[in-house]
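Here is a small set of exercises for you to work through with the model open in your viewer. Try each task first, then compare your steps with the solution.

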Amino acid sequence: MTALLAGTAFCIARGVYGRMSPTTVESLETFIVDLPTTRSHVLSMATIHRQSVVIVRIHCSDGTVGTGEGTTIGGLAYGDESPEGMQLAIDTYFAPLLRGIDATHPALAMRHIAGAIVGNHFAKCAVETALLDAAGRRTGLPVSELLGGRLRDRLPVLWTLASGDTEHDIAEAEEMIARRRHNAFKLKIGRRTMAQDVEHVGAIKKALGSQVSVRVDLNMAWSESVARRGIAMLADVGCDLVEQPIDRLNRAGMARLRATSAIPIMADEALRGPQDAYDLAVRAAADVFSVKIAQSGGLFAATRVQAIADAAGIALYGGTMLEAGIGTIASAHVFATFPELAFGTELFGPLLLTEEILTEPIAYNDFALVVPDTPGLGVTLDEDRLGFFRRDRVSRATISAPGPGSA
Ligand code: MUC
Ligand code: MG
């Protein structure tokens, strides 16, 4: 392992044994891009009007460049890593560990990182994505094939209704159905009283009809006792699934709610990687796992969460942190390897943003996302758009432009 990481490797080249220089990581580049959302997105713990996306680029000695993304929701309102914190962690702690190491073994490189850095799941995911993108571009393989092999080319994608207004949500859903973009909807609730929320869900379900799946996400807003009554009432108005109704640490409570619920309970915030997946499975605390690559600690870790769910008979759903194009496609490559995806995905992040940062937008049609089959992630950033939306654009311009009175 040391030899593999050390910058040279003993290998077979053109049938002759010899020492040759491997491809190494030369440098890492990070910057934050602030992208407005198409409307305010109201969650129980935050209302967002923009997404702040950390872009990571890994430059390798063979000229290959891999790209990753680190994105969260509402600064520090959802998780314990902020965009600014991710950038600082990558620049200060990840970059020195990665510079000069063999870039052709992403899993080994990430093991090296794991040995020196605890937690920081979102930052790890961004770096791992960039390493896998570079490896895919170098070998000519899509990331889904590097992860073990894709089983599907299309992923069903639902839409989240979170405008904060029932009539607006109904109109938005009807438009999505008419455009054949989404035919399942997740409603963000937990801000209002439980009775108001149930009424909101019931009105939307009634307007959309029995063919359309309506689910809810509480983002941990309820106590266990409110959840016990609320889940029963949601089931009565035709809701299909309840996501993370109570605090992520109250796993015994999740198990109690699940034992009596008529509709499936999904774990989201409670699921921060394979160990949580195992514990939730042992406690029978969830019917469904929302797998998120960043929350899991990376793409490889997300596939391990899937394996645990599979062994425990837990259904799967492909979750999002409302990532832009890079994070969304990285997630899509992972979910394309899942044998079972009973509840589809919510990979609509780029569609909630006013700005496209890819040269070719992700293809969405007939209620699904099309997973690219070209090398690496299969998407390319639009440098002009990035240049415009980079957070450091103004400060860089200020620094380089001579000010009034300067010589
Ligand atoms: C979450 O908690 O699931 C996913 C979709 C959405 O609207 O918010 C995210 C976060
Ligand atoms: Mg959720």
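The exercises below deal with helix packing and with the surroundings of some buried residues in this predicted model.

**Exercise 1. Describe how helices α7 and α8 pack against each other.**

Solution. Two packed helices are described by the angle between their axes and the distance between the axes.

Step 1: locate the helices. Helix α7 covers residues 194-208, and α8 covers residues 224-236.

Step 2: take the geometry. The axes of α7 and α8 come within 10 Å and cross at roughly 20°. Angles under 35 degrees count as roughly parallel, so α7 is roughly parallel to α8.

Step 3: add the handedness, which is right-handed for the crossing of α7 and α8.

Step 4: list the residues that make the contact. From α7 come Met194, Val198 and Val201, while α8 supplies Val226, Arg229, Gly230, Met233 and Leu234.

Step 5: sort these residues by character. The contact of α7 with α8 has six nonpolar residues, one polar and one charged.

**Exercise 2. Repeat the analysis for α8 and α9.**

Solution. Step 1: helix α9 spans residues 251-260, and its axis comes within 10 Å of that of α8, with a crossing angle of roughly 20°. By the angle cut-off of 35 degrees, α8 is therefore roughly parallel to α9.

Step 2: the way α8 passes α9 is a right-handed crossing.

Step 3: on the α8 side the contact involves Glu224, Ala227, Arg228 and Ile231, and on the α9 side Gly253, Arg256 and Leu257.

Step 4: by character, the contact of α8 with α9 comprises three nonpolar, one polar and three charged residues.

**Exercise 3. Is Arg57 buried or exposed, and which side chain does its own side chain meet in a polar contact?**

Solution. Step 1: place the residue. Arg57 belongs to strand β4, residues 47-60.

Step 2: compare its accessibility with the cut-off. Buried means under 20% relative accessible area, so Arg57, at 10%, counts as buried.

Step 3: look for a polar partner. The side chain of Arg57 makes a polar contact with the side chain of Glu383, at 2.8 Å.

Step 4: survey the wider neighbourhood. Beyond four places in sequence, Arg57 is in contact with Ser27, Leu28, Glu29, Phe31, Val65, Gly66, Thr67, Leu381, Glu383 and Leu386.

**Exercise 4. Find where Ala46 lies and what it touches.**

Solution. Step 1: Ala46 sits in the loop between β3 (25-42) and β4.

Step 2: with 10% relative accessibility, Ala46 counts as buried.

Step 3: leaving out residues up to four places away in sequence, Ala46 touches His41, Gly74, Ala77 and Arg191.

Step 4: check a distance along the way. Ala46 and Pro83 are 37 residues apart along the chain, and their C-alpha atoms are separated by 16 Å.

**Exercise 5. How many residues of helix α13 are buried, and what surrounds Ser144?**

Solution. Step 1: helix α13 covers residues 325-335; eleven of its eleven residues are buried, so α13 is largely enclosed by the rest of the structure. Among the buried residues are Gly325, Ser331, His333 and Phe335.

Step 2: turn to Ser144, which lies in helix α5 (residues 143-146). Ser144 is buried, its relative accessible area being 0%.

Step 3: not counting residues up to four places away in sequence, Ser144 touches Gly149, Arg150, His333 and Thr337. One of these, His333, is among the buried residues of α13.

Technical notes. Residues numbered from 1 in each chain as written. Chains lettered and ligands numbered in written order. Predicted model: local features only at pLDDT ≥ 70, side-chain atom pairs only at ≥ 80, totals over all residues. Heavy atoms only, no water. Axes fitted to C-alpha atoms, helices over the stretch in contact; angles between N-to-C directions. Helix = DSSP H or I, 4+ residues; strand = E, 2+ residues; numbered from the N terminus. Parallel < 35°, antiparallel > 145°, perpendicular 65-115°, else oblique. Left-handed = near helix turned anticlockwise from the far one by under 90°. Contact = heavy atoms within 4.5 Å. Nonpolar A, V, L, I, M, F, W, Y, C, P; charged D, E, K, R; others polar. Buried < 20%, exposed > 50% of the residue type's maximum accessible area, 1.4 Å probe, protein only. Polar contact = N/O pair within 3.5 Å; in protein donor to acceptor, adjacent residues only side chain to side chain.
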